[in-house]
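Biologist: I have this model open beside me and would like a close look at a single part of it. Could you pick out the nonpolar core and walk me through what surrounds it?

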Amino acid sequence: MSTPRPTPLSSYLIVYAVLIILATMSLGYSLLHLPGGLVVSLVVASVKAMAVLWIFMHLREQRISSALAMLLAVLWIALLGGIMVTDVVTRRTFPERPRPTGEDGFYQR
Amino acid sequence: MPKPLLGEQYSDLEQQDGALQFGMWVFLGSELLLFSALFALYASYRSMYPADFEQAIRHNTLVYGTANLYLLLTSSLCAALAVWAMRRGRPRLTLGLLATTIVMGLGFLVIKGAEYLVHIREGALPGRYYHWHELPSFGANRFYSLYWVMTGLHALHVTAGLCVLGWLSLRVMKGAYSVEHHAGLEMGTLYWHLVDIVWIFLWPLLYLS
């Protein structure tokens, strides 16, 4: 297997600049209260995380097995989160009951 | 320059470094899964109380959270450059960059502490200790309970990361790493980058509306 060239200094600095720009854009988008803020900020966060993984953490230089460990973790997270949220969103009680409001004794002060 | 020890189960140092790296990546994946349970809980409660969550986020301490994001991103760059410097045979520069990373990590904890004080004064505490009169909703209570657990677990990881960075600095001072063999340094900094990645996701969930 051929080892890729070690990451040059310029790559680190470019990735850092991109991370700062993306963070500032995400902040601006949130402060303007534009629609779909949560989705946009999570997509931007995923791009930032991939940049950190690929360049700062040298995943580009690693064997495929290391990338596979990370990929599997992400898949498990998607599966766990997806199934759990689907359950919460679609669960119905018969007869229908409202969401807990804290006044049922579960949360009192 | 001391040569790293070769375990008897490995045929050469390259194979040993590869195995260590793979083990580290599996460990990082398991750490992400630990946080993912809390992310899933967050997603569930947010889908149950969307309006309360948005209101709680709008009242959260954005300045502190954002300052900490920029701080962690910069510290992550320093940690990556520490490995870069070692690869070029400049251990003194590596040591300086590791020290800078540690200072930034401590700065993160100081800002986090100041932020916690604000929440304690407001009464935005977890569970039944919550008594913030400005946001009396049950959803806001859920939000701040999650906020404390998620940022608390993250702060524990920052503290562990700082210990790892301190240990790496000692090893660099002792001349334990060289241009060819610095797998320990590489893996220690990987842990710091993981701390950074977790905050990259916590920031939009806890501070951005």
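Modeller: Happy to; I will start with the two chains, go into the core, and then come back out to the places where the chains touch and turn.

Please keep in mind that this is a predicted model. Chain A has a mean pLDDT of 87, and 89% of its residues score at least 70. Within chain A, helix H1 (residues 9-31) has the highest confidence, with a mean of 97, while helix H3 (residues 64-90) has the lowest, at 90.

Now the two chains. Chain B has 6 helices and 0 strands, and its elements run α-α-α-α-α-α from the N terminus on. Along the principal axes, the C-alpha atoms of chain B fill a box of roughly 65 × 30 × 25 Å. Chain A has 3 helices and 0 strands, in the order α-α-α along the sequence. Of the 209 residues in chain B, 43% are buried; for chain A, with 109 residues, the figure is 17%. Among contacts with a separation of 6 or more, residues 24 or more positions apart account for 76% in chain B and for 53% in chain A.

That brings us to the core you asked about. The largest nonpolar core has 71 residues. Both chains build it: H1 and H2 (37-56) of chain A give two or more residues each, as do H1, H2 (50-58), H3, H4 (91-122), H5 and H6 of chain B. The biggest contribution is from H6(B), with 17 residues. If you want residues to click on, B:Leu81, B:Ala82, B:Trp199, B:Leu202 and B:Trp203 are those with the most contacts inside this core.

Take B:Ala82 as a starting point. Leaving aside neighbours within four places in sequence, B:Ala82 is in contact with B:Thr94, B:Leu97, B:Leu98, B:Thr101 and B:Thr189. Several of these names come back when we look at H4(B), where the buried residues are B:Pro91, B:Thr94, B:Leu97, B:Leu98, B:Thr101, B:Ile102, B:Met104, B:Gly105 and B:Phe108. An α-helix has 3.6 residues a turn, so residues three or four places apart point the same way. The buried residues of H4(B) pack against H3, H5 and H6 of chain B. H4(B) itself has 32 residues and reaches 47 Å from its first C-alpha to its last, close to the 46 Å expected. After H4(B) comes B:Gly123, with a positive phi near 90 degrees.

H5(B) can be described in a similar way. H5(B) has 36 residues, and the reach from its first C-alpha to its last is 52 Å, close to the expected 52 Å. B:Gly175 follows H5(B), and its phi is positive, near 75 degrees.

Next, a residue of H6(B). B:Tyr191 is found in helix H6 of chain B, and B:Tyr191 counts as buried because it has 20 C-beta neighbours inside 10 Å, where the cut-off for buried is 20 or more. Not counting residues up to four places away in sequence, B:Tyr191 touches B:Gly161 and B:Val164. The C-alpha atoms of B:Tyr191 and B:Phe27 are separated by 9.4 Å, although the two residues are 164 apart along the chain.

From here we can step across to the partner chain. In all, 38 residues of chain B are in contact with 42 residues of chain A. On the chain B side, the elements that give two or more residues are H1 (13-48), H3 (62-87), H5 (138-173) and H6 (183-207). The largest share, 15 residues, comes from H1(B). By type, the chain B side divides into 23 nonpolar, 12 polar and 3 charged residues.

Finally, two histidines in the loops of chain A deserve a look. A:His33 is in the loop between H1 and H2 of chain A, and A:His58 is in the loop between H2 and H3. A:His33 has a positive phi of about 55 degrees although it is not a glycine, and A:His58, also a residue other than glycine, has a positive phi near 60 degrees. Their surroundings can be set side by side: A:His33 counts as exposed because it has 9 C-beta neighbours inside 10 Å, whereas A:His58, with 21 C-beta neighbours inside 10 Å, counts as buried.

How values were computed: Residues are numbered from 1 along each chain as its sequence is written. Chains are lettered from A and ligands numbered from 1 in the order in which they are written. This is a predicted model: local features need pLDDT of at least 70, side-chain atom pairs count only at pLDDT 80 or more; totals for chains, interfaces and linings use all residues. Two residues are in contact if their C-beta atoms, placed from the backbone, lie within 7 Å. Helices (H or I, at least four residues) and strands (E, at least two) are DSSP runs, numbered from the N terminus. Ala, Val, Leu, Ile, Met, Phe, Trp, Tyr, Cys and Pro count as nonpolar, Asp, Glu, Lys and Arg as charged, and the others, Gly among them, as polar. pLDDT is the predictor's confidence in each residue, from 0 to 100. A nonpolar core is a set of buried Ala, Val, Leu, Ile, Met, Phe, Trp, Tyr and Cys residues joined through C-beta atoms within 7 Å. A residue is buried if 20 or more other C-beta atoms lie within 10 Å of its own, exposed if 12 or fewer, and partly exposed in between; C-beta atoms are placed from the backbone. The expected span of a helix is 1.5 Å times one less than its number of residues.
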